[in-house]
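Here's a quick look at how protein and DNA meet in this one, with a detour to a helix afterwards. Have the coordinates open while you read.

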2 protein chains.
Amino acid sequence: MRVSKEKAAENRGALLQAASRLFRKRGIDGVGVADIAREAGLTHGALYAHFPSKDALAAEAFTHGFEGNMADTREWAGGRDASFQDYVEGLISPDMRDKVETGCPMTASASEVGRQGCAVSESFAKAFEEMTAMLEGSLSDAVPAPERRRLAIAAVVGQIGALAVSRAVIKSAPSLADEVLQAVRETIGAAHRAESVHRE
Amino acid sequence: MRVSKEKAAENRGALLQAASRLFRKRGIDGVGVADIAREAGLTHGALYAHFPSKDALAAEAFTHGFEGNMADTREWAGGRDASFQDYVEGLISPDMRDKVETGCPMTASASEVGRQGCAVSESFAKAFEEMTAMLEGSLSDAVPAPERRRLAIAAVVGQIGALAVSRAVIKSAPSLADEVLQAVRETIGAAHRAESVHRE
DNA sequence: TGTACATCAGTGAACGCGCGTTCACTGATGTAC
DNA sequence: TGTACATCAGTGAACGCGCGTTCACTGATGTAC
């Protein structure tokens with residue numbers, strides 16, 4: 001039965017939200033379109049009125065999840081006027097590791113994206129650039145411009161790698177899971193300090 | 001029909017080899033047991049004479065692939081008496097990114113392992129420790145002992161993260177794919193230099 | 001060494017199930033008069 | 001504003017297919033005598 005434009009837009013949003021959450025939790029290959037539709041309170045047929053295929057949904061859901069996560073991060077950072085070091089401490093932490101379903105989709109799906117279609121790869125690349133720009137902006141003038149981008153890229157990669165590894169080993173080696181996060185935080189901190197020009 | 005002990009052991013090895021290669025290429029959820037058996041020249045039923053379940057096979061295949069990759073790396077490193085910097089340059093490179101099927105299983109499956117069973121997590125943790133120990137051993141006395149392990153962990157995480165990100169964006173942003181590798185290499189290099197004690 | 005037979009690696013059909021996608025249909029919405 | 005009707009979001013059965021796993025069976029291997 002037909003539904004109002006507002007309701008249709010709302011349903012589309014619910015599908016994106018459900019897809020985004022489930023893909024992060026169980027992986028893109030680990031979730032079926034029926035699961036997504038059910039969580040959004042619809043049937044699987046309705047999904048195809050909004051998205052041409054699962055792959056197209058995956059790409060949009062990736063962007064949707066990333067934008068939501070970026071908004072949360074910006075709010076968190078804005079409240080404390082976050083420095084680069086604040087970002088590194090906040091993003092590469094046990095809290096972030098345990099927040100899979102609402103956390104960063106790049107981290108949740110890093111090693112799967114290369115096997116998905118081109119649309120998902122594009123969503124990932126855009127998200128990576130946006131995250132990098134945010135971190136780059138948090139670096140002070142003490143770090144010369146070219147090294148700013150380099151450090152920002154390394155921090156984002158460090159977050160993605162550290163959270164993925166920490167999640168991978170937490171079932172069998174919980175203390176290693178925490179050690180990994182700390183090691184990456186400290187190493188990025190050391191590189192940050194090394195690249196800073198101190199003139200007094 | 002029954003088969004000689006030697007042939008059975010050989011078939012088991014072929015199953016592990018096929019599983020290991022396919023899991024790296026298409027992901028654990030992206031490969032069926034029939035695909036694996038077919039590549040090993042057997043039928044899917046035979047697989048269950050060697051492994052109790054797909055999950056158990058995945059854990060063994062992970063270790064198998066990792067051991068093979070470690071042997072290759074040790075041979076490569078032994079030939080040139082590799083330093084920490086050599087490892088970083090060699091492991092975080094476009095060559096390694098393009099070598100998915102025979103490359104490091106940790107890198108190929110990083111974000112999927114957390115969703116697999118405990119056996120796979122254990123294989124991952126063991127592999128991570130082994131890789132870390134190898135890199136730690138490559139660091140000279142110029143770096144104090146506690147920082148050696150920290151740098152080694154960061155380098156392994158850096159490799160896993162950098163290759164995963166590079167593979168994720170290569171379809172849509174090839175130049176970013178290379179930039180990421182270089183940025184991580186240089187940042188680990190900077191941290192390495194910063195942690196080295198220079199007494200003259 | 002030769003024979004009888006238990007073992008078991010491997011086969012292939014079958015199990016129930018969930019997958020992504022399609023499609024004829026429904027009926028409230030939105031529009032044209 | 002009231003009525004007639006085209007639109008189309010959503011339903012649910014059905015499509016063909018592949019999934020992981022089980023199992024009765026085969027027949028060469030390995031062993032006991």
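In this predicted model, the backbone of B:Lys5 puts a polar atom 3.1 Å from a phosphate oxygen of DNA strand D. That contact sits alongside two others to phosphate oxygens of the strand, one from A:Thr43 and one from B:Val33:

| Residue | Polar atom from | Distance to a phosphate oxygen of DNA strand D |
|---|---|---|
| B:Lys5 | backbone | 3.1 Å |
| B:Val33 | backbone | 2.6 Å |
| A:Thr43 | side chain | 2.8 Å |

Which elements give two or more residues to the surface near DNA strand D? From chain A it's α1 (5-26) and α3 (44-50), and from chain B it's α2 (33-39) and α3 (44-50). The largest share goes to α3(A), with four residues.

Zooming out, 24 residues surround the strand, and B:Val33 turns up again among the closest, along with A:Arg2, A:Asn11, A:His50 and B:Tyr48. Sorted by class, you get 10 nonpolar, nine polar and five charged residues. On the DNA side, 59% of the strand D atoms within 4 Å of the protein belong to sugar or phosphate, and the rest to bases.

Now for that helix. In chain A, α8 (residues 118-138) runs for 21 residues and spans 31 Å from first C-alpha to last, close to the expected 30 Å. Its buried residues include A:Phe124, A:Phe128, A:Met131 and A:Leu135. What do the buried residues of α8(A) pack against? Within chain A, the partners are α4 (54-80), α5 (84-91), α7 (105-113) and α9 (145-169), while chain B supplies α9 (145-169) and α10 (174-195).

Conventions:
Residues are numbered from 1 along each chain as its sequence is written. Chains are lettered from A and ligands numbered from 1 in the order in which they are written. This is a predicted model: local features need pLDDT of at least 70, side-chain atom pairs count only at pLDDT 80 or more; totals for chains, interfaces and linings use all residues. Side-chain values use heavy atoms; hydrogens and water are left out. A residue is near a molecule or strand if one of its heavy atoms lies within 4 Å of it. A polar contact is a pair of N or O atoms within 3.5 Å; within protein, one must be able to donate a hydrogen and the other to accept it, and residues adjacent in sequence count only if both atoms are side-chain atoms. Ala, Val, Leu, Ile, Met, Phe, Trp, Tyr, Cys and Pro count as nonpolar, Asp, Glu, Lys and Arg as charged, and the others, Gly among them, as polar. The expected span of a helix is 1.5 Å times one less than its number of residues. Buried means under 20% relative accessible area, exposed over 50%, partly exposed in between (1.4 Å probe, protein chains only). Contact means heavy atoms within 4.5 Å.
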